[in-house]
Structure formats: structure tokens, C-alpha cells
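User: Please go through this model with me. I want the reasoning behind each label.

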Amino acid sequence: MTVGIVGAGITGLALSEFCRERGVDTVTFEASSEPGGVIRSTSVDGRVLEHGPQRTRMTDELATLIDACDLRDDLRTADTDLPLYVYADGRLRQVPFSMEGFFRTDLLSATGKLRMLAEPLTDGARDDETAADYFTRKFGAEAYHNMIAPLFGGIYGSDPAEMPGEYALRTVRRMERSGSLVRAAVRRRLEGKERESPISFADGMAQLPQALYERNTDQVHLETPVEGVATAGTGYRLDTADGSHVVDKVVVTARADVSASLLDDVDPESARALRQLYYNPLAYVHLASDADPAGFGYQVRHNESLRTLGVTWNASLFDRDGVYTCFLGGMQAPGLVDRDDDELGRIAREEFETVMGASGEVLNVTRHPRGMPAYDGSWTAMEAVDPPEGITLATNYTGRMGVPARVREAKRLAERFADDGATPTAAVAEA
Ligand SMILES: Cc1cc2nc3c(=O)[nH]c(=O)nc-3n(C[C@H](O)[C@H](O)[C@H](O)COP(=O)(O)OP(=O)(O)OC[C@H]3O[C@@H](n4cnc5c(N)ncnc54)[C@H](O)[C@@H]3O)c2cc1C
């Protein structure tokens, strides 16, 4: 069996690696000249800048890949106990991750804390509510505004009031099966499942996809966009400028709009639905600063008078030589991403100086016009997405978004292909 993979981001590369380990043949086509997809790291004057994920979390599956790529010496691990802040009412306030932190934090009033503790008495998620409705009902309005909206919304650059719970709360719903989110969170923490170490690499996050690519260069073709997918016997034909390639199974890891154009011929209905999915645009401004705080960084509460959504303190997390990454845009201000570099740099720098009380110098501006899957109302279109047998859509709009989840899905797929198990073939058939 040969699996054709569209895209050499972390999902495609991890899938290629896990399949090879299991004796399943793959061929991967990547449109860009670089592997890694949204994971991209560069160096400016010796400073590592992250243009996609700023960090990820260590999991068993990631550890397997890190060992396979011999990257242990380059692994950078941040302290899990570093504080995370929300900027609210004009200053940084620490997010509690322990009972002691909960009682100490000034992010919530005494009444707000008592209301949060009533969570086990509230009902579970309902199909017709938004993420905002749900969290407000569970934890109270104050906890929602001061803590949950900036943190949960911050993951996607979305407004939880625009996120239907049915799609946005899948993980939470799983946690809820034990009856209470607070109890589930405490249990996860006791089991060591929560707050796994934040990790990166000496040269940045892109070291992992680069190393995976180097282990799989025979199977991964860069600068070779797939232009179309067609049926071919019991399998599929992937058309590229280099020719057509017949495979038994196809895994598409590209963004929803790209997946749509590839599925147009084989599954027009799914293609139509995929075109409706909305992504939040994001801009990153990298700053250099002598501010020397310890922590993950901060998210900004939604009703503050700042346009910055949040800032990662790369300097503190991974000793990145004074680097801070500011996020702007998202669902709150999508148009901001269209401003020129000077203006975005100025906004990020001035607001950073207001919050941190230290000056910053703009190093770089990066834009993601279609950045984060928004998990907003457009996600109802997913009901109509049902690709034909043999085609799997596997990326951050079909499942969980974080790198650990992408790698986990890649492993599960590789196991499935290995179980499906037809005898591996020697090479990809050229049609
Ligand atoms: C801005 C941003 C910040 C994030 N921050 C974090 C974070 O801090 N921590 C974390 O764990 N996760 C984070 N995530 C989530 C995580 O990084 C992504 O979900 C994950 O990297 C996506 O990997 P992927 O391989 O599924 O998709 P992608 O990385 O999108 O890869 C898809 C690949 O397909 C290629 N492609 C497109 N069209 C074609 C074509 N026609 N033919 C062939 N190839 C094609 C693309 O060039 C790309 O390389 C972030 C995501 C984004 C967008």
C-alpha cells in the first residue's frame, strides 16, 4: 500500500515518519520550498524568532520523534511553574494553576472565586450554547471575562461568544464526563497530565520538522504542489507539475480552502463546505527588549484599551536573548493585519512599553492572513464534509490544533494504515 500525503507540515512529516517505522510506503508532496508548514523559525542577528508556534508541550509521541531525530541535545525545556498573566484593569495579574494560586490571585474578587467553586453544581454542556455561554454558566461572568475568555479565546484568536460549543468545546466535553471540570482538572494535574513541559529547540521549533524531513527526503518532495486529486482504479491519482502519482490512500493536511480545491473533482459537496470555514488572521510583531520578567507572557482581557491580544516572553521561556512575540488581529480586529509593518510595529511596541514599563525595538513583522481555525459559526459547514473512502483530511481544522495533537493523529493514522496492511509496494506508480 502507498499513502499519498499532501503537505509536509508537522502532520504530514510525522505521518511519513510513523508510516516508515511501520513498513507503510508513503509519498509526500509539499508546495513550499521548506518543510514545516506553519512551524517556521528564523534567526535575526543571532536571535531565534518563531513565526508560527512559539512552543509546544512534551508528550510521549513527540518524545518518540525527538529521539528518532536525535534532537535531545537541542531540546529546550521551560519550567512548567513559570507564571502566566492576564493584563486586566491596567496591570498584569497572575493566572492561578494551583489551589494556593487560586486563593492568592487578584485576577478574581472573593465573590468571583466563590462563584467559580460552585462549578460542580452546574449542568454539563448544552448543544445550543456558545463557548462564552457555557463558561459563564459554569464559572460565572467574572471568571469568564477576566480569565477564560483571554486564555481560551487566545488559543484561536477567536471570541468565545462567536464559537458554538458543539465544535469549540469537544475537549472540555470529554473532561466533563467525570461530572465536574474542576474535579477533572485537579485529577489531570495529580496524574501529571496537565501542564506537560513547554518545549522548543536550540534553533527554534522548526528544527523538528527540518530533522523529520531530512530523515524522509526520499519520500518527501518539496516545491511540488498537488494540483488535483482524481480517482484511479481503487485508489487515487495526485497530479503535480512533475507528473501524476497513483496511490492507494490520500491524506490531505493542507488548509481547508486548499483541501477544497483538491477535492473539487472527487467530492464537490465536501469541497463546497470546506470553502466556508473561516480562519482568523493574525500578525506577529517580534520585539527585542531588556525587560527581564519571568513567565510565559500574558493575554490581554478583551475590554482593555489595547489592540495587542497577547505577548509570549520567549526570552524567559527559552532564554531567547531579549525576544518577545506580540500577537495582533484575530477575530477582534481582523483588519489590523492589513496595516503596514511600521504601523503594526509601532502599535505592538507602544503597547508593550505600556504594559511592561520597558522599551522595545521592532525586529520583524509576520502575517498569517489565514492563521488560526476560528471554530466559529462557519464550523457548522463541517456537517457536510464527508470525504470518500480512502481520503482522510487530517490537520488543525479537522481535529485538535496543537502540535502534540497533530503528531498523535499522525501516529494513529500510521497505525491504521499498518493494520489495513496490504503488502508494502516498492515505489509510487507513475501514471
Ligand atoms: C499562527 C499559529 C500559531 C500556533 N501556535 C501554536 C503553539 O504555540 N503551540 C502549538 O502546539 N500549536 C500551535 N499552533 C498549532 C499548530 O502549529 C498547527 O496546528 C500545526 O503546526 C499544523 O500542522 P499541519 O501539518 O497539520 O498543517 P500545516 O502546518 O498548515 O501544513 C500543511 C502543509 O501543506 C502544504 N500545502 C498547501 N497546499 C498544498 C498543495 N496543494 N500541495 C502540497 N502541499 C500543500 C503547506 O505548504 C504546508 O506546508 C499554531 C498554529 C498557528 C497557525
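Analyst: A helix here is a DSSP run of H or I with at least four residues, numbered from the N terminus. The model is predicted. Phe-352 lies in helix H14, which covers residues 341–356.

User: Why is Phe-352 called buried?

Analyst: Buried means under 20% relative accessible area. Phe-352 has 1% relative accessibility, so Phe-352 counts as buried.

User: What makes Tyr-324 a contact of Phe-352?

Analyst: Contact means heavy atoms within 4.5 Å. Phe-352 touches Tyr-324. The C-alpha atoms of the two are separated by 9.2 Å, but the cut-off applies to heavy atoms. Along the chain, Phe-352 and Tyr-324 are 28 residues apart. Other residues touched by Phe-352 include Leu-287, Tyr-298 and Val-311.

User: Which residues of helix H2 are buried, and what do they pack against?

Analyst: Helix H2 spans residues 60–68, and Glu-61, Leu-62, Ala-63, Leu-65 and Ile-66 are buried there. The buried residues of H2 pack against several elements, among them helix H1, strand E9 and helix H15. Just after H2, Asp-70 takes a positive phi of about 55°.

User: What makes the largest cavity a cavity rather than a pocket?

Analyst: In a cavity a 1.4 Å probe fits but cannot get out, while a pocket is open. The structure holds one cavity of 30 Å³ or more. The largest cavity has a volume of about 40 Å³.

User: How do you know which classes line the largest cavity?

Analyst: Its lining includes Leu-62, Phe-201 and Thr-56. Leu and Phe count as nonpolar, and Thr falls among the others, as polar. The lining has seven nonpolar, one polar and no charged residues.

Conventions:
Residues numbered from 1 in each chain as written. Predicted model: local features only at pLDDT ≥ 70, side-chain atom pairs only at ≥ 80, totals over all residues. Heavy atoms only, no water. Helix = DSSP H or I, 4+ residues; strand = E, 2+ residues; numbered from the N terminus. Buried < 20%, exposed > 50% of the residue type's maximum accessible area, 1.4 Å probe, protein only. 1 Å grid on protein atoms, 1.4 Å probe; cavity = no way out; pocket = protein on both sides within 12 Å on 5 of 7 lines; lining within 4 Å. Points joined across faces, edges and corners; volume = space filled by probe spheres on them. Lists of a residue's contacts leave out its neighbours within four places in sequence.
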